[in-house]
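Ready for a few exercises in reading a protein model? Have a look at the sequence and the coordinates first, then try each task before you turn to its solution.

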Amino acid sequence: MFTFFRSITIVNIREWLQSRHARDLLLVFSIQVFSLIASLLISLTITNLLGAAAYGIFSYGFSWVNLLAVFSCMGYEQLALKELPAYRVENKLGLIRGYFRYATKRILIISISLSGVLFLFSYLLEHPEDNLLRKGLWLALPALPIIAMINLRFAWLRSFQFNTLSQFPDKVLRPLLLLLMLWVGYFLYGASMNVWFVITMSVASIVVALFTGNSFVKRKVISVVSGAEPAYDKVAWNKTALSLLMVNGIYFYLTQVQILILGSFRGASETGVFAIAARLSDLEGYMLFALNVVLAPLISKLYAEGKIMELQSVITRSLWFGFLFSAPLIFCFLIYPGFFLGLFGAEFGDGSFVLILLTLSQIVNFATGSVGYMLTMTGHHKIAMQILVVCAFITTCLSFLLIPVYGKEGAAISAAINNVVLNVAMAIVVFRKTGINSTLLRFR
């Protein structure tokens, strides 16, 4: 018998909703819902105006940029979540200010260098072979350093527990601005508007998000340590950040690898269909993402304090409430996949198998909980990295074997296998190393 269902009462629900992390979760989730609606409207606008190929170009370029932005951060955005809360408790304001300076300088240099190297690689080797995909990549590349700085700065806000502010610029302002620009662009240019306009508009919206986020960081974070003398712990930072980079970087690579390989082998149209199906399946995980935003620093704090029972309760209750929010969406995608894909245009109708398979794998993702953060925030990032390296190797091999032959269906099979193997393996390790059951299933 599941103890969770036996414990649900009006009093328990009220107590959970009155807790700080529950309020943060609901606020972040509300932002995610808005972002979800805006992102869907953006995708609908692009696909209905320009077609699957254009959306494939758009997705391919920003998949590369987003992936390299994660690696450009060198793990320092994850380091902020792990170390800054402890520095604040210990009143080590000098280390916080030193970290701000050191991380910003390193990430700017690395992200700008990476964008230049990728451009030269693509230009000199004429890769990808599809000229439209290549041009889309070049237009998206200037956003790489900007996205890297967004990832870093917003992690600072999260580490200071400004969870809602950390989400607003990128999840509310950025999609809203892009959507507005798309509609204005269509009104002004009509049929002459193309995917190059769309990519340029997206880069502009990213710039606005960064400047807005910077204003929050200056007021809420930098001001706290502005009077402190900078101190540095570079050796420890670099060592921990490298491990966290491998975990976070491989995680993000696994979300993008199918689009990158699909674009290289099968062209823009199939990439566009798969990208839309993947975007829809990801909607089920929006609540899990909101959970991760709120729970990451909380996991680190409660585990360090030895409050294992309290941590178990927080994780189990939050995950179940999140799953109940997502269940209707899962049901709809499994029963009516063709209807939802058809909203984006007739070209997307043959992606039903892809959406069903990705949805099923997302159920496993949600059922196992925040396993990645459970390992990294409790000091087991090396084990998480080992699991991720093995899964990345398996998924990459499967993608290169299946995608050239089966196209988007092969990409879906590769992605689904990765989701199941990765999350089940991590859930088992979390229980063995911490004694915490991170899954939905709670037995006596």
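The exercises below work on a predicted model, and each comes with a worked solution.

**Exercise 1. The overall picture**

Find how many helices and strands the protein chain has, and what share of its residues is buried.

Solution. Start with the secondary structure: the protein chain has 19 helices and zero strands. Next, take burial: 55% of the 444 residues count as buried. Then turn to the contacts with a sequence separation of 6 or more: 85% of them join residues 24 or more positions apart. Finish with the surface, where about 18,900 Å² is exposed and carbon and sulfur atoms supply 67% of that area.

**Exercise 2. Checking a helix length**

Work out what span helix H19 should have at 1.5 Å a residue, and compare it with the distance between its end C-alpha atoms.

Solution. Helix H19 covers residues 408-434, which makes 27 residues. The expected span is 1.5 Å times one less than the number of residues, so helix H19 should span 39 Å. Its end C-alpha atoms are 38 Å apart, in agreement with that value. Now step just past the helix: Gly435 takes a positive phi of about 80° there.

**Exercise 3. Aromatic pairs**

Decide how the rings of Tyr76 and Tyr99 are arranged, and which helices the pair ties together.

Solution. A search of the whole structure gives 19 aromatic pairs. In the pair of Tyr76 and Tyr99, the ring centres are 6.1 Å apart and the planes meet at 25°. Planes under 30 degrees apart count as stacked, so this pair is stacked. Now place the partners: Tyr76 lies in helix H5 (residues 76-89) and Tyr99 in helix H6, so the pair ties together parts 23 residues apart in sequence. Both Tyr76 and Tyr99 are buried. For a contrasting geometry, take Phe333 and Phe340, an edge-to-face pair with 5.2 Å centre to centre and 85° between the planes. Phe333 and Phe340 are both buried too. To widen the view, Tyr76 and Tyr99 belong to one aromatic cluster, whose members also include Trp156 and Trp237.

**Exercise 4. Nonpolar side chains at the surface**

Determine whether Leu124 and Phe393 are buried or exposed.

Solution. The cut-off for exposed is over 50% relative accessible area. Leu124 has 63%, so Leu124 is exposed. Leu124 sits in helix H6 (residues 93-125) and helps to make a nonpolar surface patch of about 650 Å², together with Phe119, Leu120, Phe121, Tyr123 and Leu125. Phe393, in helix H18 (residues 381-406), has 58% relative accessibility and therefore counts as exposed. Phe393 and Leu254 are 139 residues apart in sequence, yet their C-alpha atoms are 9.9 Å apart in space.

**Exercise 5. Salt bridges**

Trace which parts of the chain the salt bridge between Lys408 and Asp350 ties together.

Solution. Side chains of opposite charge can pair when their charged atoms come close. The structure holds six salt bridges; in the one between Lys408 and Asp350, the closest N and O atoms are 3.3 Å apart. Lys408 lies in helix H19 and Asp350 in the loop between helix H15 (337-342) and helix H16 (352-368), so the pair ties together parts 58 residues apart in sequence. Next, check accessibility: Lys408 is buried at 7%, while Asp350 is partly exposed at 46%. Finally, look for further partners: Asp350, Lys408 and Glu409 are linked in a network of salt bridges.

How values were computed. Residues are numbered from 1 along each chain as its sequence is written. This is a predicted model: local features need pLDDT of at least 70, side-chain atom pairs count only at pLDDT 80 or more; totals for chains, interfaces and linings use all residues. Side-chain values use heavy atoms; hydrogens and water are left out. Helices (H or I, at least four residues) and strands (E, at least two) are DSSP runs, numbered from the N terminus. Buried means under 20% relative accessible area, exposed over 50%, partly exposed in between (1.4 Å probe, protein chains only). Contact means heavy atoms within 4.5 Å. Accessible areas come from the Shrake-Rupley method with a 1.4 Å probe; for residues, only the protein chains shown count as cover. Patches are made of residues with over 30% relative accessible area and no salt bridge: like charges are joined within 9 Å, nonpolar side chains (Val, Leu, Ile, Met, Phe, Trp, Tyr) within 5 Å. A salt bridge is a side-chain nitrogen of Lys or Arg within 4 Å of a carboxyl oxygen of Asp or Glu. Rings of Phe, Tyr and Trp (its six-membered ring) pair if their centres lie within 6.5 Å; planes under 30 degrees apart count as stacked, over 60 as edge-to-face and the rest as tilted.
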